[in-house]
Amino acid sequence: MLSLKGRRIQKQVEPVTGFSILDMALKHDVDWSFSCSRGTCCRCRCQVTEGMEHLSAPSDAELDALEPEELEEGFRLGCQAIIKTAGTIAAANKPYF
Ligand code: FES
(Lines give C-alpha, C1' and ligand atoms only; values in the text may rest on other atoms or scores of the structure.)
Protein backbone atom coordinates (compact mmCIF):
# COMPACT_ATOMS: atom_id res chain seq x y z
CA MET A 1 0.00 0.00 0.00
CA LEU A 2 1.16 3.52 -0.78
CA SER A 3 0.11 6.24 1.63
CA LEU A 4 0.22 9.70 0.04
CA LYS A 5 -0.24 12.82 2.16
CA GLY A 6 -0.74 15.94 0.08
CA ARG A 7 -1.31 19.47 1.35
CA ARG A 8 -4.89 18.68 2.40
CA ILE A 9 -5.75 15.35 0.83
CA GLN A 10 -4.49 12.00 2.09
CA LYS A 11 -5.03 8.73 0.23
CA GLN A 12 -4.03 5.10 0.42
CA VAL A 13 -3.47 3.70 -3.06
CA GLU A 14 -2.01 0.63 -4.70
CA PRO A 15 1.64 1.35 -5.63
CA VAL A 16 2.55 0.83 -9.30
CA THR A 17 6.17 0.00 -10.10
CA GLY A 18 7.84 2.32 -12.60
CA PHE A 19 5.78 5.31 -11.46
CA SER A 20 7.17 8.14 -9.36
CA ILE A 21 5.64 9.27 -6.09
CA LEU A 22 4.51 12.42 -7.92
CA ASP A 23 2.98 10.36 -10.76
CA MET A 24 0.99 8.39 -8.19
CA ALA A 25 -0.20 11.54 -6.39
CA LEU A 26 -1.35 13.18 -9.64
CA LYS A 27 -3.00 9.98 -10.85
CA HIS A 28 -5.06 9.83 -7.65
CA ASP A 29 -5.88 13.55 -7.34
CA VAL A 30 -3.78 14.09 -4.23
CA ASP A 31 -2.89 17.80 -3.97
CA TRP A 32 0.89 17.45 -4.31
CA SER A 33 2.98 20.52 -5.13
CA PHE A 34 5.10 20.33 -8.26
CA SER A 35 6.29 22.44 -11.11
CA CYS A 36 9.21 21.14 -13.16
CA SER A 37 8.83 17.33 -12.91
CA ARG A 38 12.56 16.99 -13.51
CA GLY A 39 14.23 17.46 -10.18
CA THR A 40 15.05 21.17 -10.08
CA CYS A 41 12.19 23.13 -8.48
CA CYS A 42 11.94 21.02 -5.27
CA ARG A 43 8.22 21.77 -4.93
CA CYS A 44 7.50 18.04 -4.91
CA ARG A 45 9.83 17.47 -1.95
CA CYS A 46 8.46 14.88 0.41
CA GLN A 47 9.41 12.88 3.45
CA VAL A 48 9.29 9.12 3.14
CA THR A 49 8.55 7.63 6.55
CA GLU A 50 8.14 4.04 5.45
CA GLY A 51 9.30 1.82 2.58
CA MET A 52 12.34 3.71 1.30
CA GLU A 53 13.71 0.29 0.28
CA HIS A 54 10.94 0.06 -2.33
CA LEU A 55 12.07 3.28 -4.06
CA SER A 56 14.87 4.00 -6.51
CA ALA A 57 18.12 5.34 -5.05
CA PRO A 58 18.33 9.16 -5.01
CA SER A 59 18.93 10.53 -8.53
CA ASP A 60 21.74 12.94 -9.42
CA ALA A 61 19.13 15.74 -9.35
CA GLU A 62 18.16 14.81 -5.80
CA LEU A 63 21.79 14.58 -4.70
CA ASP A 64 22.26 18.11 -6.08
CA ALA A 65 19.03 19.56 -4.69
CA LEU A 66 18.81 18.00 -1.22
CA GLU A 67 21.24 18.37 1.67
CA PRO A 68 22.83 15.16 2.98
CA GLU A 69 20.90 15.67 6.24
CA GLU A 70 17.62 15.82 4.33
CA LEU A 71 18.42 12.57 2.52
CA GLU A 72 19.25 10.97 5.86
CA GLU A 73 15.90 12.11 7.26
CA GLY A 74 14.08 10.46 4.35
CA PHE A 75 13.43 13.52 2.21
CA ARG A 76 13.09 12.84 -1.52
CA LEU A 77 11.87 14.65 -4.59
CA GLY A 78 8.52 13.10 -5.52
CA CYS A 79 9.20 13.40 -9.25
CA GLN A 80 12.49 11.51 -8.89
CA ALA A 81 11.61 8.76 -6.43
CA ILE A 82 10.44 5.82 -8.55
CA ILE A 83 8.62 2.84 -7.11
CA LYS A 84 10.81 -0.20 -7.75
CA THR A 85 9.12 -2.96 -5.81
CA ALA A 86 5.69 -3.56 -4.30
CA GLY A 87 5.32 -2.99 -0.58
CA THR A 88 4.24 -0.52 2.04
CA ILE A 89 5.38 3.03 1.36
CA ALA A 90 4.38 6.26 3.12
CA ALA A 91 5.24 9.73 1.80
CA ALA A 92 4.10 13.23 2.76
CA ASN A 93 4.54 16.26 0.52
CA LYS A 94 6.70 18.81 2.37
CA PRO A 95 7.71 21.66 0.09
CA TYR A 96 9.91 24.40 1.56
CA PHE A 97 7.13 26.97 1.22
S1 FES B 1 8.51 18.75 -9.60
FE2 FES B 1 10.25 20.02 -9.58
S3 FES B 1 11.69 18.90 -8.43
FE4 FES B 1 10.02 17.56 -8.60
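The following exercises, with worked solutions, concern a five-stranded sheet and two residues of a predicted model.

Residues are numbered from 1 along each chain as its sequence is written, and side-chain values use heavy atoms, with hydrogens and water left out. Because the model is predicted, local features need pLDDT of at least 70 and side-chain atom pairs count only at pLDDT 80 or more, while totals for chains, interfaces and linings use all residues.

**Exercise 1. The sheet**

Determine the strand order of the open sheet and state which strands stand at its edges.

Solution.
1. Strands are DSSP runs (E, at least two residues), numbered from the N terminus, and two strands pair if DSSP finds at least two bridges between them.
2. The order of the five strands is β2-β1-β5-β3-β4, and the pairing is mixed.
3. The edge strands are β2 (10-13) and β4; each has a single partner strand, so one side of each lacks a neighbour in the sheet.
4. On average, neighbouring strands of this sheet are turned by 25 degrees against each other, direction ignored. Here axes are lines fitted to C-alpha atoms, and angles run from 0 to 180 degrees between N-to-C directions.

**Exercise 2. The partners of β3**

Identify the pairing of β3 with β4 and with β5, and give bridge partners.

Solution.
1. Strand β3 (residues 45-50) pairs with β4 (residues 75-77) in the antiparallel sense over three bridges. Within this pair, Gln47 is opposite Phe75.
2. With β5 (residues 89-93), β3 is again antiparallel, over four bridges. Val48 has Ala91 as its bridge partner, and Glu50 stands opposite Ala90.

**Exercise 3. Glu62**

Is Glu62 buried or exposed, and what does Glu62 contact?

Solution.
1. Glu62 belongs to helix α2 (residues 60-65); helices are DSSP runs (H or I) of at least four residues.
2. Its relative accessibility is 0%, so Glu62 counts as buried (under 20% relative accessible area; exposed is over 50%, partly exposed in between, 1.4 Å probe, protein chains only).
3. A polar atom of the Glu62 side chain lies 2.9 Å from the backbone nitrogen of Ser59.
4. Beyond neighbours within four places in sequence, Glu62 is in contact (heavy atoms within 4.5 Å) with Ala57, Arg76, Leu77, Gln80 and Ala81.

**Exercise 4. Tyr96**

Characterise the surroundings of Tyr96.

Solution.
1. Tyr96 lies in the segment after β5 and is partly exposed, at 44% relative accessible area.
2. Not counting residues up to four places away in sequence, Tyr96 touches Cys42, Arg45, Ala65, Leu66 and Glu70.
3. The side chains of Tyr96 and Glu70 make a polar contact at 2.6 Å (a pair of N or O atoms within 3.5 Å; within protein, one must be able to donate a hydrogen and the other to accept it, and residues adjacent in sequence count only if both atoms are side-chain atoms).
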